[in-house]
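Me: Hi! I have a structure open and would like to talk it through with you. Ready for a few quick questions?

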Amino acid sequence: MSKESVRSAIANGKLEDGEVVEVFHSFCPYRVCPLGAHIDHQLGLVTGFALDIGTDFDYFPTNDGSIEVYSENFGGEAIGGIDEEYERQYIWADYLFGAVKTLKKSYSITKGIKGIVKGSVLGGGLSSSASVILTYLRALSSLNGINLASPELINLAIDEERNYIGVNVGKLDQSCEVYCKEGHLLYLDTKTDSTKLIQIPKNMPEFEIAVIFSGVERKLAGSAYNTRVDECKAASYALKDFARLEYGKFADSYLRDVPSGIYRQYKDCLPRTWAKRAAHFYGEMDRVKRGVKAFQSGDLAEFGRIVFESGRSSIEKYETGSLELKTLHEIMERTDGIYGGRFSGAGFNGCAMAIVDPSKKEEIRAAVTSEYLKRFPDLKEHFSVHFCRTADGIGL
């Protein structure tokens, strides 16, 4: 088949030879993390909103195990079969083939899949990779009669990202995109996997979430992200050694294992880089707790202020954020109508997010666009501002 043939089959519910096919649709949201950035891989506390933008996938099963999926965002195709062995090619199709390989570790798959996938916003930082992985895992499992509980779906998605895609992610992205609920803030402890959905208080001012694409797509080659993870682990290892704690295997060591009192006692002994990563971790843990308390009380101004504080720590202590994203952070800090904001994701280009007063959306769009393009006029054709609302996760 061709892309047009697959599209026609989806639209009409039948193949070119007249055979009827059952067509399905799946949507998985993107996410933003207002507080808890960069600490999920150290088993920290995090927060998140799922957005009403994300990955849309229209698909139907194949009885012969064939796979044929096309993207509306990227060229090329994902063509193969469920019994083939796949090696990563560093293209968008990897996420589908990785889902097949990951699911086959635990389950028997007999039905293949054909369809068309589309992402809402390009650029990165909204966890589109987790969104598309969850979409494929959910679609393949449903077609093959596999009932995945939410925790297993999350763990399978993490397994694929770590062991097939090659990025040592934590649990934030997948958990947000599964557990979140419209009108609620997700509060997650990535060490215990305990979750709490905090309903937006009635006394809280109305807000929306702005997603601001810097105009430069994120390129999260695992190396830069993985280096930050290793630096955090190195800090945890060193702190345990200073305190004469058992530290076990490096791969299993996390800053969450080290009480804050021990960190305060030995932080000045850490090498400069490791000290900065640890400072961000313990500072962010505190910001999450303060931010959740402010959110629960309906104090959106205080919540937003803490989000700005988090963004500044990501830049200064975690030392990530491209020039473009740092510029956006500075612009957001002085833009009327923005309660709080930070770059979204790991900070290697992509998007920023902001919590905004919806009555001032157009003024915010105009002010941010004008200031940003004065600095980066060459990005005029790519820079964009989108306004989103909270949404349900794929698991609801």
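Me: Which side chain does the side chain of His38 join through a polar contact, and at what distance?
Reply: That would be Ser314, and the polar contact between the two side chains is 3.0 Å. Bear in mind that this is a predicted model.

Me: Thanks. Where does His38 sit in the secondary structure?
Reply: His38 is in a loop, the one that links strand S1 (24–32) with strand S2 (45–62).

Me: And is His38 buried or exposed?
Reply: Buried, because its relative accessibility is 9% and the cut-off for buried is under 20%.

Me: OK, what does His38 touch, leaving aside neighbours within four places in sequence?
Reply: Its contacts are His280, Ser314, Tyr318, Thr320, Arg342, Phe343, Gly345 and Ala346. There is also a long hop in sequence to mention: Val229 is 191 residues away from His38 along the chain, yet their C-alpha atoms are 8.6 Å apart in space.

Me: Let's look at Ser313 too. Which helix is Ser313 in?
Reply: Ser313 belongs to helix H9, which covers residues 300–316.

Me: Buried or exposed, that Ser313?
Reply: Buried, with a relative accessible area of 8%. Beyond residues up to four places away in sequence, Ser313 touches His280, Arg287 and Tyr318. His280 and Tyr318 also appear among the contacts of His38.

Me: Nice. Changing topic: how many residues of helix H2 are buried?
Reply: H2 (residues 94–104) has 8 of its 11 residues buried, so mostly covered is a fair description. The buried ones are Asp94, Leu96, Phe97, Gly98, Ala99, Val100, Thr102 and Leu103.

Me: What covers those buried residues of H2?
Reply: The cover includes two strands, S3 (66–71) and S4 (77–81), plus helices H3 (128–143) and H4 (150–165).

Me: Now zoom out. How many helices and strands does the chain have?
Reply: There are 11 helices and 11 strands.

Me: What is the radius of gyration, and what would a compact globule have?
Reply: The chain has 22 Å, which agrees with the value near 21 Å for a compact globule of 396 residues. Its C-alpha atoms fill a box of roughly 70 × 55 × 40 Å along the principal axes.

Me: What share of the residues is buried?
Reply: 57% of the 396 residues count as buried. As for contacts with a separation of 6 or more, 71% are between residues 24 or more positions apart.

Me: Last one: how many positive and negative side chains are there?
Reply: There are 48 positive and 55 negative side chains, with the centres of the two sets 7 Å apart.

Methods. Residues numbered from 1 in each chain as written. Predicted model: local features only at pLDDT ≥ 70, side-chain atom pairs only at ≥ 80, totals over all residues. Heavy atoms only, no water. Helix = DSSP H or I, 4+ residues; strand = E, 2+ residues; numbered from the N terminus. Rg over C-alpha atoms; globule rule 2.2 N^0.38 Å. Buried < 20%, exposed > 50% of the residue type's maximum accessible area, 1.4 Å probe, protein only. Contact = heavy atoms within 4.5 Å. Lys, Arg positive; Asp, Glu negative; His and termini not counted. Charge placed at Lys NZ, Arg CZ, Asp CG, Glu CD. Polar contact = N/O pair within 3.5 Å; in protein donor to acceptor, adjacent residues only side chain to side chain.
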